[in-house]
Amino acid sequence: MTRTQKIVFILVALVALMLGFAVNRALSGKSSGDQTALIDAGIILLPQSRKLPDLTMTNQDGQPVQLNGFKDKWTLLFFGYTYCPDICPTTLAQLRQIKSELPKETLSKLRVVLISVDPNRDTPQQLKQYLGYFDKNFVGLTGSVPDIQKLANGVSIPFIPADTSKPGYTVDHSGNLALLGPDGNQRGFIRAPFNNQKLLAQLPGLLERE
């Protein structure tokens, strides 16, 4: 990564962090202990939901998927890639563990989606094989770099496209999750690093909301 890219990434990350603090203050000022508990678990709800960009991507089965089609369930969007050395396998393992401990009625209201930030290597077949190591119900999506960036910017979870000419390249990306409601709109974030026990305490109540 060039020095300019690093500076841009840091600036974007700072903007996202400032947004999180602003939302945190807004929620803390007008809500009860329930909101405080959500924030303590790393769940930051937006004062107003956001629509996702109108994009079509490709899933791990090679089928087109419209982003506005993620409805009727709550969705956790994670931006990562299959060659990631640390953040991605750790995050997916945590999400698998959380799912395994959620009540069945809560689990039926939740989906996990990995958006690849490395479409150069993450073919649908690669995504399917990789996600199968964690949970066969995890969804993987890939697409063009401009579309992935448009989505990442739309949900305020930045990443920097890699220099794919370098062997063994890595991709700088956030470990945060975008939280989508059953209406398909972004409702908030879940901040990394995750506390499994606190999330398990808060997710059942959150996923009861419409």
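This is a short walk through one chain, covering its sheet, the helices packed on that sheet, one salt bridge and two backbone details.

Please keep in mind throughout that what we have here is a predicted model.

Let me begin with the sheet, which is open and built from 8 strands in the order S1-S10-S9-S4-S5-S6-S2-S3, with mixed pairing. At its edges lie strand S1, residues 43-50, and strand S3, residues 64-66, each of which pairs on one side only. From one strand to the next the twist averages 35°.

Within that order, strand S5, residues 110-116, pairs with strand S6, residues 139-142, in the parallel sense, and the pairing runs over 3 bridges. For those who would like a residue to look at, isoleucine 115 has leucine 141 in S6 as its bridge partner.

Turning to the helices, helix H5, residues 124-132, packs on the sheet, where it touches S5, S6 and strand S2, residues 56-59, and its direction makes about 155° with that of S6. Helix H7, residues 196-206, also packs on the sheet, and there the strands touched are S1, S4, S9 and S10, while the direction of H7 makes about 30° with that of S1.

H7 also has a helical partner, namely helix H3, residues 87-101, and the two pack at an angle of about 45° with their axes 10 Å apart. Because of that angle, H3 counts as oblique to H7, and the crossing in which H3 passes H7 is right-handed. On the H3 side the contact is made by Gln94, Gln97, Ile98 and Glu101, and on the H7 side by Asn196, Gln197, Leu199, Leu200 and Leu203. By character, the residues of this contact divide into 4 nonpolar, 4 polar and 1 charged.

Staying with H7, which residue forms a salt bridge with lysine 198? The partner is aspartate 40, with the two side chains meeting at 3.1 Å, N to O. Lysine 198 sits in helix H7 and aspartate 40 in helix H2, residues 33-40, so to speak a link between distant parts of the chain, 158 residues apart. In the model as a whole, the count comes to 6 salt bridges.

Finally, two points on the backbone that you may wish to inspect. The peptide bond from alanine 192 to proline 193 is cis, with omega near -5°, and proline 193 lies in the loop between S10 and H7. In the loop between S3 and S4 we find aspartate 72, whose phi is near 75°, a positive value in a residue other than glycine.

How values were computed
Residues numbered from 1 in each chain as written. Predicted model: local features only at pLDDT ≥ 70, side-chain atom pairs only at ≥ 80, totals over all residues. Heavy atoms only, no water. Pairing = 2+ DSSP bridges. Helix = DSSP H or I, 4+ residues; strand = E, 2+ residues; numbered from the N terminus. Axes fitted to C-alpha atoms, helices over the stretch in contact; angles between N-to-C directions. Contact = heavy atoms within 4.5 Å. Parallel < 35°, antiparallel > 145°, perpendicular 65-115°, else oblique. Left-handed = near helix turned anticlockwise from the far one by under 90°. Nonpolar A, V, L, I, M, F, W, Y, C, P; charged D, E, K, R; others polar. Salt bridge = Lys/Arg side-chain N within 4 Å of Asp/Glu carboxyl O.
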